[in-house]
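Me: Could you take a close look at one strand for me, along with its partner, and then put that strand in the setting of the whole chain?

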Amino acid sequence: MGLPRFAKTNESSSNLYVANCGPAVGLDLDIVKSAFSKFGVVSGVYSADESGTRVIVSFVDNSCARAAFEALDRRACEELGGRVLHIKYSVFQPPLDKVQVNDSVPVCLETSDMNIPGICLIHDFITIEEEKELLAAVDSRPWKSLAKRRVQHYGYEFCYSTRNVNTNQHLGELPSFLSPVLDRISSFEELSNTLETSLDQLTVNEYPPGVGLSPHIDTHSAFEGSIFSLSLAGPCIMEFRKYTDIDWISKSTSLDKEVENSDSSSSFLRRAIYLPPRSILLLSGEARYAWHHYIPHHKVDLVNDSVIRRASRRVSFTIRKVRKGPCLCQYPQYCDSRK
Ligand SMILES: O=C(O)CCC(=O)C(=O)O
Ligand SMILES: [Fe+2]
């Protein structure tokens with residue numbers, strides 16, 4: 001993919017066009033990112049053009065971009081070798097034929113804005129060092145290739161054709177590299193409140209850019225209680241849908257299906273959340289049992305007016321508890337144990 005297209009603007013925005021810094025003057029994009037990160041979460045830093053001396057710094061939030069603009073425009077920036085930066089606001093101009101954006105649903109940054117009971121996102125749940133260790137651990141183990149992504153299963157194998165697990169085939173205890181994550185889950189009140197029994201299944205997913213997951217509810221009869229999803233290496237958008245007037249099972253497509261069902265005939269509530277790397281998402285209660293979740297198959301997402309490019313990969317750890325009996329949830333219309 002070429003350079004993302006940005007245009008300068010006088011209006012406040014979450015993207016900054018920053019002149020007089022960049023790789024051509026010895027400032028790699030990650031150094032620029034770290035200098036601007038003290039003003040808030042930077043979702044990406046890109047070369048603005050081929051010069052190597054002009055970059056775009058995209059923040060997740062407009063107010064952080066404004067703070068950086070006010071602190072750094074036409075001033076010498078110590079962290080960037082004392083260079084005097086010239087900053088303007090900038091807007092992303094997607095080439096409409098190429099970039100698929102998440103159409104009209106606003107993307108929340110916090111689960112408290114989503115109005116879905118039972119959902120909770122914790123940012124920076126693990127450190128950069130821990131993230132590196134977890135990635136090294138899974139990369140030293142064998143991956144299984146699916147059509148578009150790679151997976152690993154621990155505890156129990158998840159079977160994609162039946163969307164269930166064979167409880168008679170225990171693969172063994174969860175691996176020791178997961179222990180710090182499990183301990184931290186127990187130490188967070190928001191997360192451990194919903195946990196009645198110990199987690200015993202881990203699915204590791206590796207998504208290349210442009211690959212997502214079709215809308216699904218994790219099978220009620222396969223997993224009980226809460227589901228945790230830890231994001232590593234790259235960000236994504238996760239969308240949630242609560243279907244209101246259709247047979248739910250027709251929407252529970254295979255996780256690997258490339259094209260989403262046409263939804264023109266059904267109606268559903270829709271929400272979206274930005275999942276940054278190192279965050280953990282808890283789905284419990286209604287969020288887990290009644291809402292479909294889905295990762296759009298995009299290379300670029302728009303989070304409000306900020307452009308977020310998917311990294312070279314996103315790795316997720318989905319941690320669950322395998323169910324040994326029928327599901328007795330309060331959401332029978334979404335429950336395969338009642339069909
Ligand atoms: O990648 C993720 O965060 C979610 C994976 C997921 O929904 C699943 O494995 O059922
Ligand atoms: Fe899922």
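Reply: Sure, terms up front: two strands pair if DSSP finds at least two bridges between them, and strands here are DSSP runs (E, at least two residues), just as helices are runs of H or I with at least four residues, both numbered from the N terminus. Keep in mind that this is a predicted model, where local features need pLDDT of at least 70, side-chain atom pairs count only at pLDDT 80 or more, and totals for chains, interfaces and linings use all residues. Residues are numbered from 1 along each chain as its sequence is written, chains are lettered from A and ligands numbered from 1 in the order in which they are written, and side-chain values use heavy atoms, with hydrogens and water left out.

Now for β9, residues 119–122: the strand is covered on both faces. Ile 119 and Leu 121 are buried on one side, and Cys 120 and Ile 122 are buried on the other; buried means under 20% relative accessible area, exposed over 50%, and partly exposed in between, with a 1.4 Å probe and protein chains only. As for a partner, β9 runs antiparallel to β19 (residues 280–283), and four bridges join the two. Across that pairing, Leu 121 sits opposite Leu 281 of β19.

Stepping back, the protein chain has six helices and 23 strands. Of its 339 residues, 53% are buried. Contact means heavy atoms within 4.5 Å, and among contacts between residues at least 6 apart in sequence, 79% join residues at least 24 apart.

One loop is worth a glance too: Val 105 lies between β7 (86–92) and β8 (107–108). Val 105 counts as buried because its relative accessibility is 10%. Not counting residues up to four places away in sequence, Val 105 touches Glu 239, Arg 270, Arg 271 and Ala 272.
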